[in-house]
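The following note comments on the structure shown below. The points are numbered for ease of reference.

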Amino acid sequence: MKVFIACLGTETNTFVPFPTGRRNFEENGVFHGDATRHTPNLFSAPLHVWRRRAETRGWTVVESLFAFAQPAGVTVRAVYEGYRDEILADLEKALPVDIVLLSMHGAMVADGYDDCEGDLLSRVRALAGPRAIIGGELDLHCHITTAMITQADVLVTFKEYPHIDMAERAEELFTLCADAAEGKTRPVMAVYDCRMVGMYRTPVEPMKSFVARMQALEGKDGVLSVSLGHGFPWGDVAEVGTQSLVVADGDAAKAAAVARQLGQELFAMRDSTLVTYWQPDDAVADAESAQAGRPVVLADVADNAGGGSPSDSTFVLEALLRRDYKGALIGLLWDPVAFQIAEEAGEGATLDMRIGGKCGPISGQPVDLRVTVKKLAYDCRQSFGPTKNGTGNLAWLQADGIDIVINTRRTQLFHPDAFAPLGLDPARYRLIVVKSSQHFYAGFAPLASKVHYVTTHGGIEPDFANIRHTKRTVPYWPRVADPFTGQNA
Ligand SMILES: [Zn+2]
């Protein structure tokens with residue numbers, strides 16, 4: 001057997017003003033066939049799994065491109081086409097292949113391409129031929145399109161948010177595709193549109209039990225795999241929204257029935273999936289009243305770089321300053337210009353500095369502070385599950401009793417160890433503000449006395465009824481109360 005593996009993806013926020021270009025990809029490391037010789041990150045981890053599994057069986061592996069960008073606005077057309085065509089050229093050289101395994105995000109939009117994954121899968125199918133088994137691993141924040149479903153044999157999404165199961169899903173996809181290539185199974189897929197747009201956090205109920213029920217259905221009665229594509233709400237594409245996806249063994253009706261059953265189950269419990277969001281001032285006030293001991297964690301969800309936000313908004317920082325809150329840690333705030341000034345001034349310097357607020361209204365206003373440069377650190381990393389992910393250079397700035405950590409590489413905050421290069425221990429703070437929607441949770445929840453999700457007018461404001469979608473024609477909750485009957489909210 002010959003297995004062809006590659007990764008191309010990003011999660012495109014079509015509403016933010018700054019594009020996804022070559023630099024966004026290169027910051028994560030672009031590898032031309034040798035990603036598996038480097039330390040795995042979130043989206044290269046599947047390539048490592050697939051190579052190991054294939055080589056264990058004595059199969060031939062052809063590794064192509066790894067290119068995955070930090071989410072931002074619409075991808076530059078030439079950048080998408082260049083990476084896509086590199087994968088296609090490698091595939092053409094490798095032909096014939098038995099299995100193609102692609103690590104993709106599932107929500108990539110490029111100028112001229114609303115469905116990059118569907119485009120890539122269609123071209124891969126055209127080259128590899130009808131008998132090759134084509135599998136894709138997707139982030140659960142994906143748009144599952146007709147092109148994707150018809151061109152791939154097996155699609156599997158992450159089940160967990162935070163995405164702690166990317167390696168497990170890679171194992172699962174390999175097994176499913178290997179079985180199909182060996183003729184043991186004949187996978188068929190079906191999706192069901194839940195007519196919902198939202199975010200669903202799987203460590204807590206009711207989603208925790210829902211994930212367990214999905215897993216319980218797998219491997220019996222002809223059901224090979226069950227996924228829930230949560231959807232990425234800030235993509236203006238026709239298929240935006242939540243979809244259940246089932247792979248069955250040769251039985252399309254079975255796949256459709258299980259997808260419908262799960263989708264209707266999720267729809268029925270839609271109200272209980274809602275998260276309470278705090279306004280910044282209320283959340284800070286609540287933290288003031290918290291007992292000393294373990295910190296309160298405020299998640300600045302709307303400024304999560306992982307959803308394409310700038311990660312430089314000042315809405316929560318301003319709330320801290322307004323309330324004269326002492327003893328808070330806030331990060332990671334993306335501000336390469338401020339870093340450059342801090343570096344020039346040097347550790348120990350005190351100076352006036354303008355921080356954040358640089359990418360338009362979603363960043364809020366820049367904040368002028370007198371800061372002391374406490375420490376600088378270079379080429380830093382943070383953990384996400386077993387992977388290490390770059391944060392760039394860091395500066396610890398202290399102002400008005402607040403420790404602000406700025407960085408040079410736009411990324412969300414995953415883990416408390418992001419602060420370690422500066423010698424900062426998040427556990428000793430009363431309040432920590434993390435710029436992340438949910439991926440922070442696995443690392444920070446164990447040290448927090450409580451976690452508050454805070455909403456602002458940032459790049460991914462969680463106001464799902466009012467996102468300015470123009471391409472989805474089918475109604476969805478919560479814009480209408482019951483999109484299946486047309487009842488208005
Ligand atoms: Zn995701």
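1. Strands β2 and β3 run antiparallel and are joined by two bridges. Within this pairing, F31 has F66 of β3 as its bridge partner. Please bear in mind here and throughout that the model is predicted.

2. The β2-β3 pair belongs to an open sheet of six strands with mixed pairing, whose order is β2-β3-β1-β4-β5-β6. Strands β2 (31-32) and β6 (154-157) stand at the edges with a single partner strand each, so one side of each has no neighbour in the sheet.

3. Two helices deserve mention alongside this six-stranded sheet. Helix α2 (residues 45-56) packs on the sheet and touches β1 (2-9), β3, β4 (99-103) and β5 (133-138), with its direction at about 180 degrees to that of β1. Helix α3 (residues 77-94) lies across β1, β2, β3 and β4, and runs at about 180 degrees to β1.

4. The loop between α3 and β4 contains P96. The peptide bond that leads from L95 into P96 is cis, with omega near 0 degrees. A second cis peptide bond joins W477 to P478, here with omega near 10 degrees; P478 lies in the segment after β18 (450-454). These bonds merit a remark because most peptide bonds are trans.

5. A further open sheet has three strands in the order β7-β9-β8, paired in the antiparallel sense. Its edges are taken by β7 (187-193) and β8 (223-229); each has a single partner strand, and therefore one side of each is left without a neighbour in the sheet. From one strand to the next, the twist averages 15 degrees.

6. Which strand pairs with β8 over six bridges? The partner is β9 (residues 243-249), in the antiparallel sense. In this pairing, G229 stands opposite Q243 of β9. Helix α8 (residues 252-268) packs on the sheet and touches β7, β8 and β9, its direction making about 30 degrees with that of β7.

7. In the loop between β7 and α7 (207-217) one finds R195. This residue has a positive phi of about 55 degrees although it is not a glycine. The value is worth noting because most residues other than glycine have a negative phi.

8. The chain is divided into domain 1 (2-272) and domain 2 (277-461). Their C-alpha centres lie 31 Å apart. To the contact between them, domain 1 gives 25 residues and domain 2 gives 27 residues.

9. The largest pocket has a volume of about 650 Å³. It is lined by 40 residues, of which N28, N41, L42, N389 and F414 are the closest to its centre. Both domains take part, since the lining draws at least three residues from each of domain 1 (2-272) and domain 2 (277-461).

10. Which elements give two or more residues to the lining of the largest pocket? They are α1 (22-27), β3 (60-68) and β15 (387-399). Strand β15 gives the most, with three residues. Strand β3 is thus both a contributor to this lining and the antiparallel partner of β2. By class, the lining of the largest pocket comprises 13 nonpolar, 20 polar and seven charged residues.

How values were computed: Residues are numbered from 1 along each chain as its sequence is written. This is a predicted model: local features need pLDDT of at least 70, side-chain atom pairs count only at pLDDT 80 or more; totals for chains, interfaces and linings use all residues. Side-chain values use heavy atoms; hydrogens and water are left out. Two strands pair if DSSP finds at least two bridges between them. Helices (H or I, at least four residues) and strands (E, at least two) are DSSP runs, numbered from the N terminus. Axes are lines fitted to C-alpha atoms, for helices over the stretch in contact, and angles run from 0 to 180 degrees between N-to-C directions. Contact means heavy atoms within 4.5 Å. On a 1 Å grid over the protein atoms alone, a cavity is a set of points where a 1.4 Å probe fits but cannot get out, and a pocket is an open set with protein on both sides within 12 Å along at least five of seven lines; lining residues have an atom within 4 Å of a point. Grid points are joined across faces, edges and corners, and a volume is the space filled by probe spheres set on the points. Ala, Val, Leu, Ile, Met, Phe, Trp, Tyr, Cys and Pro count as nonpolar, Asp, Glu, Lys and Arg as charged, and the others, Gly among them, as polar. Domain bounds come from an automatic or database domain assignment.
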